[in-house]
Amino acid sequence: VILLLNSLMAVTIGDIGIGTFILFVLWSIALLGVLFLIQGSRQLQAILVALAVIIISVVLLVLPRKESVKQRDITVYDDIFWPRLALIFGMFVFLLGGLGYFLVDSMETVHAKKIYSK
């Protein structure tokens, strides 16, 4: 898997790198899965799916990239690195907030009321 990911690092999809695309697809599928699991009253499985996706994301982010063949000393600047990182961080915060809201909302106790007939 690592060799496959390293060979795909030069590929871009919609002007974003393959790693960012993989993380986007992973989180999109995980968000849909968590929402469906919460809707089906399976909170524990939803939490496990969320934790698994977080672990996979961390592993993908810390994997070292394949060293390319050194050519000349050319400095490449990524001008949108910090805004992109802030956007990803904000999306992560809102995802956790939404997940927390749905978990708390779905765990709310519902009390039955007696129905009086006339």
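User: In what order do the helices and strands of the chain run from the N terminus on?

Analyst: Reading from the N terminus, the order is α-β-β-α-α-α. The model is a predicted one. The chain holds 4 helices and 2 strands.

User: How many of the residues, as a percentage of the 118 in the chain, are buried?

Analyst: Buried means under 20% relative accessible area. In this chain of 118 residues, buried residues make up 13%.

User: How many cavities of 30 Å³ or more are there, and how should I read them?

Analyst: A cavity is a space where the probe fits but cannot get out. Here the count is 1 cavity of 30 Å³ or more. The volume of the largest cavity is about 80 Å³.

User: Which residues line the largest cavity?

Analyst: A lining residue has an atom within 4 Å of a cavity point. In this case the lining consists of Trp-27, Ala-30, Leu-31, Val-34, Ala-50, Ile-54, Leu-95, Leu-96 and Leu-99. Helix H2 (18-39), helix H3 (43-62) and helix H4 (81-106) are the elements that each give two or more residues to this lining. H2 contributes the most, with 4 residues.

User: How does the lining divide into nonpolar, polar and charged residues?

Analyst: The division is 9 nonpolar, no polar and no charged.

User: Where on the surface is there a nonpolar patch, and which residues form it?

Analyst: Residues enter a patch with over 30% relative accessible area, and nonpolar side chains are joined within 5 Å. Here Leu-44, Ile-47, Leu-48, Leu-51 and Met-107 form such a patch, and together they have about 490 Å² of accessible area. Ile-47, one of these residues, lies in helix H3.

User: Why does Ile-47 count as partly exposed?

Analyst: Partly exposed is the class between buried, under 20%, and exposed, over 50%. Ile-47 falls into it because its relative accessibility is 32%.

User: Which helix holds Phe-92, and how far is Phe-92 from Trp-27?

Analyst: Phe-92 belongs to helix H4. Its relative accessibility is 31%, so Phe-92 counts as partly exposed. Separation in sequence and distance in space are read separately: Phe-92 and Trp-27 are 65 residues apart in sequence, and their C-alpha atoms are 9.5 Å apart in space. Trp-27 is also among the residues that line the largest cavity.

How values were computed
Residues numbered from 1 in each chain as written. Predicted model: local features only at pLDDT ≥ 70, side-chain atom pairs only at ≥ 80, totals over all residues. Heavy atoms only, no water. 1 Å grid on protein atoms, 1.4 Å probe; cavity = no way out; pocket = protein on both sides within 12 Å on 5 of 7 lines; lining within 4 Å. Points joined across faces, edges and corners; volume = space filled by probe spheres on them. Nonpolar A, V, L, I, M, F, W, Y, C, P; charged D, E, K, R; others polar. Patch = residues over 30% accessible without salt bridge, like charges linked within 9 Å, V, L, I, M, F, W, Y side chains within 5 Å. Areas by Shrake-Rupley, 256 points an atom, 1.4 Å probe, with all protein chains shown as cover. Salt bridge = Lys/Arg side-chain N within 4 Å of Asp/Glu carboxyl O. Buried < 20%, exposed > 50% of the residue type's maximum accessible area, 1.4 Å probe, protein only.
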